[in-house]
Amino acid sequence: MAKTYLISGAGSGIGRAIAQQLSKNGHNCILLGRNAAKLKQTLNTLSPGDHAVFTVDITDKLRLSAVAYQLRDKVIDGLIANAGIGGENYWGDDDRWHTIIETNLTGTYNFVNTFLPLLQKAANEKHVLIISSVLARLGVANYSAYCASKAGLLGLMRSWAVQYAPQKILVNAICPGWVDTEMSQQGLQGIADGIGITKDEFYDIAMQSVPLKRMSQPEEIAGLVAYLLSQSAITGQTIDINGGAIMNS
Ligand SMILES: NC(=O)c1ccc[n+]([C@@H]2O[C@H](COP(=O)([O-])OP(=O)(O)OC[C@H]3O[C@@H](n4cnc5c(N)ncnc54)[C@H](OP(=O)(O)O)[C@@H]3O)[C@@H](O)[C@H]2O)c1
């Protein structure tokens, strides 16, 4: 049966791949992001369905509420909190700490809470999926805000998993390692610049700590998302997908 999923950050990278996968599986996708042109590009690649696009910044609670009002007659089966920003932050006047925390952590909190009433209308199991990061689990120099925001998402996920289990809302997080998207390419370039080598040289260094010796593709993260949305027994979990870069026991 066709379900309806709300995906933040659907205009590129992992979010776009998730929308493509879910539409291919026969579901309807509501695409959220700040950039209308990017969302439209995603929309044009989807398999046929009752899809929609809304421009919204997840740090803007008023705009989120306005979108929720427009969607008030919909029943949502899953919220995929994927939107996020990356990069370094440094203490000082230009510190990106607040921007990164406001987007990745508070933005996810805003996104899920705003659309929760639409999710609660669905009859059977429903899902909240949060895209965290391998950097929730390990440290990278000068990525304090990103690491803290992504680790914070795991706390958020666990609290919500307990809170909403009685309503049959399953809440899980995915921690991808390197995924081949614009964000990771910028990350590679930024770190390479910082240590005075080329992006390709840093890519080789980065892949030394990945047993599979490659980045994941956005479609591989999307496949995991589709699986988690299809099941009704896993909740409160963090699922790693990182080519073996870290192995939890
Ligand atoms: N690529 C990796 O290696 C990797 C690894 C681990 C985790 N992740 C996580 O995976 C998620 C997707 O990243 P990606 O690699 O696909 O990068 P991406 O292509 O840059 O996608 C991030 C998306 O988030 C949206 N976004 C950013 N700030 C927003 C805001 N304030 N409000 C609404 N939308 C916002 C952006 O769209 P607009 O500009 O249109 O708003 C963009 O489409 C992120 O949470 C990222 O941290 C990525």
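This passage walks through the ligand site, the two domains and two buried threonines of a predicted model. In this model local features need pLDDT of at least 70, side-chain atom pairs count only at pLDDT 80 or more, and totals for chains, interfaces and linings use all residues. Residues are numbered from 1 along each chain as its sequence is written, and side-chain values use heavy atoms, with hydrogens and water left out.

The domain assignment, which is automatic or taken from a database, splits the protein chain into domain 1 (4-179 + 217-241) and domain 2 (181-215). Their centres, taken over C-alpha atoms, sit 25 Å apart. Where the two meet, 13 residues of domain 1 are in contact with 13 residues of domain 2, contact being heavy atoms within 4.5 Å.

So where does the ligand sit? Both domain 1 and domain 2 give residues to the shell around the ligand, so it lies between them. That shell holds 29 residues, the closest being Ser12, Arg34, Asn82, Tyr146 and Thr181; a residue gets in if one of its heavy atoms lies within 4 Å of the ligand. Sorted by class, there are 11 nonpolar (Ala, Val, Leu, Ile, Met, Phe, Trp, Tyr, Cys and Pro), 14 polar (the others, Gly among them) and 4 charged residues (Asp, Glu, Lys and Arg).

Two side chains reach oxygen atoms of the ligand with a polar atom: Tyr146 at 2.6 Å and Thr181, also at 2.6 Å. Gly177 joins in with a backbone N or O atom, 3.5 Å from a ligand oxygen. Taken alone, the ligand exposes 880 Å², and the protein buries 93% of that (areas by the Shrake-Rupley method with a 1.4 Å probe). Helix 1 (13-24), helix 5 (144-164) and helix 6 (182-195) are the elements that give two or more residues to the shell; helices are DSSP runs of H or I with at least four residues, strands are runs of E with at least two, and both are numbered from the N terminus.

Now for the threonines. Thr108 lies in helix 4 (residues 97-119) and is buried, with a relative accessible area of 3%; buried means under 20%, with a 1.4 Å probe and protein chains only. Leaving aside neighbours within four places in sequence, Thr108 is in contact with Ile58, Ala81, Thr103, Ile130, Leu153, Leu156 and Trp160. Of these, Ala81 is 27 residues away from Thr108 in sequence, yet 6.0 Å away in space, C-alpha to C-alpha. Thr238, in strand 7 (residues 238-241), counts as buried at 18% relative accessibility. Beyond four places in sequence, Thr238 touches Arg137, Leu154, Met157, Arg158, Ala173 and Cys175.

Conventions. Polar contact = N/O pair within 3.5 Å; in protein donor to acceptor, adjacent residues only side chain to side chain. Buried < 20%, exposed > 50% of the residue type's maximum accessible area, 1.4 Å probe, protein only.
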